[in-house]
Each structure stands twice: as structure tokens, then as C-alpha cells.
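User: Please take a close look at the largest pocket of this structure. Which residues line the largest pocket, and which elements supply them?

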Amino acid sequence: MRYLSTRGEAPRLDFCDAMLAGLARDGGLYVPERLTPLAPAAIRALAGLPYAEAATRVVAPFVGEDFTAAELAELARDAYSGFRHAATAPLIQLDANLFLLELFHGPTLAFKDFAMQWLGRAMDRALERRDRRATILGATSGDTGAAAIEAFGGLPRADVFILFPKGRVSDVQRRQMTTVDKPNVHAIAIEGSFDDCQAIVKALFSDLAFRDELGLSGVNSINWARILAQIVYYFTAAAALGAPDRRIAFAVPTGNFGDVLAGYYAKGMGLPISRLTIATNENDILARALATGLYKPLGVKATQSPSMDIQVSSNFERLLFEVYGRDAGAVRGLMGALKQAGEFSIAPPSLGAIRRDFDAERVDEQACAEEMARVYRDSGVVVDPHSAVGVHAARAALARDPATPVISLATAHPAKFPEAVERAIGRRPELPPHLAEVVSRREHYATLANDPAAVARFVRERARVAA
Ligand SMILES: *Cc1c(COP(=O)(O)O)cnc(C)c1O
């Protein structure tokens, strides 16, 4: 299987090279040359399998010859062995036809662990085989950084640099990044927003000399391997509810558009998903874009679901590539307009194509808090603010189509956001024991200006690849 860039001006790569690159050299994102369909019988057979086994089957066609079947099986077993729930991704019922997929039982308590635990191990193998080192550079709105540091901390061939927006992640999120005492881990607070952090990362990746000198690798959801690992749980959850013999809808708390995009690819592979509901907080660029066709970032607003406080949803570019008929020139035009004019309009046929698969709901702060309270009152389940945004949007989807079950993705453990949860339900969720110690351990991190040059200097001085 080969991968091509959404901007059409970078070389086609095999799976491992696309994974090690992260962002394509032309600034685009890698997508598979084609989607291999999974036959109905193969989907049916996923029901009830151990998660790692299902993951191996779903991922295999995308990896091609790069890993053997035995290696893939070992990677998945290893990646999911650290999850603290025997079902890995348990599905619970909240209401008639409303289900919650709990994706927060990994080591850092957010769904990011599903992809990052797999990616860390896969990258380590690929680097070993090539006998080279990598400098991992990533931006985080909170959970990616913790998951990346957990997955890459201590790996002999990688140094990991994570930029987070100063003062805009929760205490638990920050401490998960800043209390890891490993020499290859560097947490950096940037004086700016998540979008600023992401812009710095993209700027450093597009400085090709710097990129080659440092052997930069990206672990944001611009990395195809992250999306791939997330496709798995759409299949396992839908199969558990009767797919492919029954249509299923999903509601997905959305920021950078990686998670919900994985659902779109699952549908492209043959999973009968009736609709994908994009659930946004008050940072509602995607809801506005679907309603009006105009994609226009506004200022970022801080909310109680900080991991979704994002205005530039990088992975939307992959969807644009598909709904523009894989026309890389058109994607270059749109991204150029975004850079120059700060906005672009989606052509009506492409917008129509998006609306056939997706709808979007904006959930404001009050509705989010009320949803946490409602779920707790109605079912005794405590959900975090991100998951509550999803559930609220799922109810809207159910109101439009009551006959189709909706699976709402629970993307973080409530204990990551104790203040918001306590305000909503009057009870403070407790951190699981393995994380309780992050509140007392000593923190260390650097603070840098919102300036790519300052970050480049910092990385060059500390990355061991340059030596
Ligand atoms: C990252 C994150 C999201 C948003 O996921 P995207 O793939 O960026 O759309 C939602 N909820 C939580 C808790 C997250 O960490």
C-alpha cells in the first residue's frame, strides 16, 4: 500500500515512510492510495474478538509488506496490554438506542492512547530497522502530549518535544506532561493558543533543511498511522451492535477532525455508518462550515473541553481531498486561500458530498454542563466535558433518526477535568491510583515565546539526532 499527499507534490511513500514523515514535504497530509474494503463476513467476524486481534485485522491491509502478520499481532498485543479495562474499549448503554464507547482506559486516560501506544511501538521498530533516530515534534491541546510522552518517553531512538498552550490545558493534563522524568522528553509551554502551537510545528516541518537535519517526525493526527489506529474501534463497536447487518450512527467530540475522520474511512471500507455527527464546543468552525460552506477560523475561546479548543482542524484537509475527487490542485488552492485570506468556500458539490456523510452540532458551555448532570442523574455514569459534548450531539442525531442506534465516543476520563465535572454534578471524580501521583511529583518544563525560531533553537540544542 502506498500513500500520496493531499497537495500532490510530494513523493508517494510506503506505510513506514509515511508514518515516519508525519507531514508530507509539500505541506500536505498522507492518505492511502485506495481503501481496501472489508467484506461483510469479515466485519461480522470482528464481533467479540479480543481488541488487539480485531486491530490486527483492520490495520493489516494498510500496512502492506512493511510488517509481517506476526509483527502486527505482537504490536497490537503490546500496545493494548497497558489498558486498564479487560474489554479495552467497552461499550455501555445510556438510553434507548444511545450508547457510549469508553475510549479512556489507556495509560493517560484519553482516546489518544489508542493510536499513540500503537504508533510509538510501530515507529520504534521502523527506526530500528533503518538504524536511525527521530526527533518527534508535536503540538497538543492537552491529551496528545500526555499520550505521546507516555508512548515515546524512554524510547532509545527518539527525542520527543511537545508544545502546549501555556495556561490553557487542565492541571492534570499539564502534570501528565511535565512530571515525566525521562531524558528524551521535553515539554514546552508556548505563550499562545493550540492553533499557535500547531502553526509552529507546521512551520518547522516546512523548513526542509531543519526537518532533514533533525530527522523530524510528527505524531499529531496529521500522521496517517494515528488515524489508522482509530479506525479499529468504529468497526469493533459497530460489530458489537450488529453491523454489518444493521446501520449504526456515531457522534464524535471533535477538534482537529482526526477521530471523526477515522469513522469516515471506516465507512469507506464498508462499515454501514448511517451518519457521523461532528460534535463541537463553542469553537464551532466545523459546524459553521457545514452550515454555510465557508471555512473561516475565528479566535479561539477557552472552554471546559479544552482538548477541542481548536479553530484550524488540520484533518479536514483529508476530507476536502476526497470530496474534491482527489484533486490535489483544488486542495492547494483552498489551503492557499486559507493562508492568504484567512478563509475559503467549499464548492457546492463538495459541500453536498460532506453533508451526505456528516452533520454537525455546536454544544455551548451550558448545554455541556447540563448534559454531564443529565447523564449522571439518568444513569449514574460520570462523563467528562468532551464526552458530554458528544452525548448532547448524539441526542440531536437520535431525535432526527430515532431508529438507528447512535454510539457516542467518550474521549476522556472524567478525572482529567475534575473542576468542570464537579461543577456540573456536585461530585469530584477521583483519579485512578496509577495517576494519583502526578499531582505531587515535581514539574519541569520550558516556556518559550510564540515564535518558530525560538522553538527551532531549543530543539536543535537538545535533540540527540544532530550529533
Ligand atoms: C483530542 C481530543 C478530542 C478531539 O479529537 P480530534 O481527533 O482532534 O478531533 C476530543 N476529546 C478529547 C478528550 C481529546 O483529547
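Analyst: The account below describes the largest pocket and then turns to the second largest pocket.

This is a predicted model, in which local features need pLDDT of at least 70 and side-chain atom pairs count only at pLDDT 80 or more, while totals for chains, interfaces and linings use all residues. Residues are numbered from 1 along each chain as its sequence is written, and side-chain values use heavy atoms, with hydrogens and water left out.

A pocket is, on a 1 Å grid over the protein atoms alone, an open set of points where a 1.4 Å probe fits, with protein on both sides within 12 Å along at least five of seven lines; lining residues have an atom within 4 Å of a point. The volume of the largest pocket is about 660 Å³, counted as the space filled by probe spheres set on the points, which are joined across faces, edges and corners.

Its lining consists of 23 residues, and Arg7, Lys202, Val312, Leu338 and Lys339 lie nearest the centre. Helices here are DSSP runs (H or I, at least four residues), numbered from the N terminus. At least two lining residues come from each of α8 (194-206), α13 (316-323) and α14 (328-341), and α8 gives the largest share, seven residues. The lining divides into 10 nonpolar, six polar and seven charged residues, where Ala, Val, Leu, Ile, Met, Phe, Trp, Tyr, Cys and Pro count as nonpolar, Asp, Glu, Lys and Arg as charged, and the others, Gly among them, as polar.

The second largest pocket holds about 300 Å³ of space. Its lining has 17 residues, with Glu150, Gln176, Val180, Leu435 and Arg441 closest to the centre.
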